[in-house]
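Visitor: I have a structure open and would like to go through it with someone. Can we start with one residue and work outwards?

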Amino acid sequence: MCTWLADLVVEGRKAQHNRCFTGAVAGLACVTPCAGFVPTWASFAIGLCAGSVCYLAVELRDRMKWTMPLDVWAAHGVGGLLGSMLLGVFAYASVNAAGHDGLVAGNPSFFGKQVVAAVFVAAYAFVVTWVILKV
């Protein structure tokens with residue numbers, strides 16, 4: 001939420017409650033896939049990334065004139081996708097022995113697997129949603 005507010009201030013825009021809450025939800029959606037697998041310091045970095053990337057997603061939505069109540073795509077969709085990818089960056093097996101080391105811990109293959117899995121899930125969700133809408 002703090003990153004979101006900073007982005008608004010940098011752009012010279014007035015802080016709005018609904019945008020601030022969306023920033024908080026984006027941070028939660030982004031850190032959720034990483035919960036239990038990343039150290040505390042990484043959660044802070046993930047929150048910073050979530051605020052900026054999800055803020056840009058809302059700006060894209062505004063420019064494209066998409067109608068989306070509560071910024072669900074920007075906060076949950078983009079935030080969750082980003083969090084799944086960042087898990088591959090910040091995961092440490094020392095935090096959770098059932099997990100794997102990520103990119104920062106010296107395991108680039110796990111990061112690659114996370115990116116492929118996240119992109120596959122996003123594509124699957126898009127196709128299934130499109131089919132449902134067509135039917």
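Visitor: Glutamate 11, then: what does it count as, in terms of accessibility?
Guide: This is a predicted model, to say that early. In it, glutamate 11 has a relative accessibility of 42% and counts as partly exposed, because the buried class ends at 20% and the exposed class begins over 50%.

Visitor: Which residue does glutamate 11 form a salt bridge with?
Guide: Arginine 13 is a partner, and the closest N and O atoms of the pair are 3.1 Å apart. Arginine 13 is also partly exposed, at 33% relative accessibility.

Visitor: Which residues are linked in a network there?
Guide: Glu11, Arg13 and Glu59 are joined by a network of salt bridges.

Visitor: And how many salt bridges does the count come to?
Guide: The count is 4.

Visitor: OK, arginine 61 next. Buried or exposed?
Guide: Arginine 61 counts as buried, with 10% relative accessibility. That follows because the cut-off for buried is under 20%.

Visitor: What does arginine 61 meet in a salt bridge at 2.7 Å?
Guide: The side chain of aspartate 71, with the 2.7 Å taken from N to O. This pair links distant parts of the chain: arginine 61 sits in helix H3 (residues 40–64), while aspartate 71 is in the loop between H3 and helix H4 (72–90), 10 residues apart. Aspartate 71 is buried as well, at 7% relative accessible area.

Visitor: What about aspartate 62, how does that one pair with arginine 61?
Guide: Arginine 61 and aspartate 62 form a salt bridge too, with their closest N and O atoms 2.9 Å apart. Aspartate 62 is partly exposed, its relative accessible area being 28%.

Visitor: Change of topic. Which residues make the nonpolar surface patch?
Guide: Phe120, Val121, Tyr124, Val128 and Ile132 make it, and the patch covers about 540 Å².

Visitor: Where does tyrosine 124 lie?
Guide: Tyrosine 124 is part of helix H5, which covers residues 108–134. Tyrosine 124 has a relative accessible area of 52%, so it passes the 50% mark and counts as exposed.

Visitor: Now the start of the chain. Where is leucine 5 found?
Guide: Leucine 5 belongs to helix H1, residues 2–10. Leucine 5 is partly exposed, with 27% relative accessible area.

Visitor: What is leucine 5 in contact with, leaving aside neighbours within four places in sequence?
Guide: Ala15 and Cys20. As for glycine 51, which is 46 residues away from leucine 5 along the chain, the C-alpha atoms of the two are separated by 8.7 Å.

Visitor: Let's zoom out. How many helices and strands are there in the protein chain?
Guide: The protein chain has 5 helices and 0 strands, and its pattern along the sequence reads α-α-α-α-α.

Visitor: And what does the C-alpha trace span?
Guide: About 45 × 40 × 20 Å along the principal axes.

Visitor: How many residues are in the chain, and what share counts as buried?
Guide: There are 135 residues, and 33% of them count as buried. The chain exposes about 8200 Å², with carbon and sulfur atoms supplying 72% of that area.

Visitor: What about contacts between residues at least 6 apart in sequence?
Guide: Of those contacts, 58% join residues at least 24 apart.

Visitor: Last one: how many positive and negative charges are there?
Guide: The protein chain has 8 positive and 6 negative charges, and the mean positions of the two sets are 8 Å apart.

Technical notes. Residues numbered from 1 in each chain as written. Predicted model: local features only at pLDDT ≥ 70, side-chain atom pairs only at ≥ 80, totals over all residues. Heavy atoms only, no water. Helix = DSSP H or I, 4+ residues; strand = E, 2+ residues; numbered from the N terminus. Buried < 20%, exposed > 50% of the residue type's maximum accessible area, 1.4 Å probe, protein only. Contact = heavy atoms within 4.5 Å. Areas by Shrake-Rupley, 256 points an atom, 1.4 Å probe, with all protein chains shown as cover. Lys, Arg positive; Asp, Glu negative; His and termini not counted. Charge placed at Lys NZ, Arg CZ, Asp CG, Glu CD. Patch = residues over 30% accessible without salt bridge, like charges linked within 9 Å, V, L, I, M, F, W, Y side chains within 5 Å.
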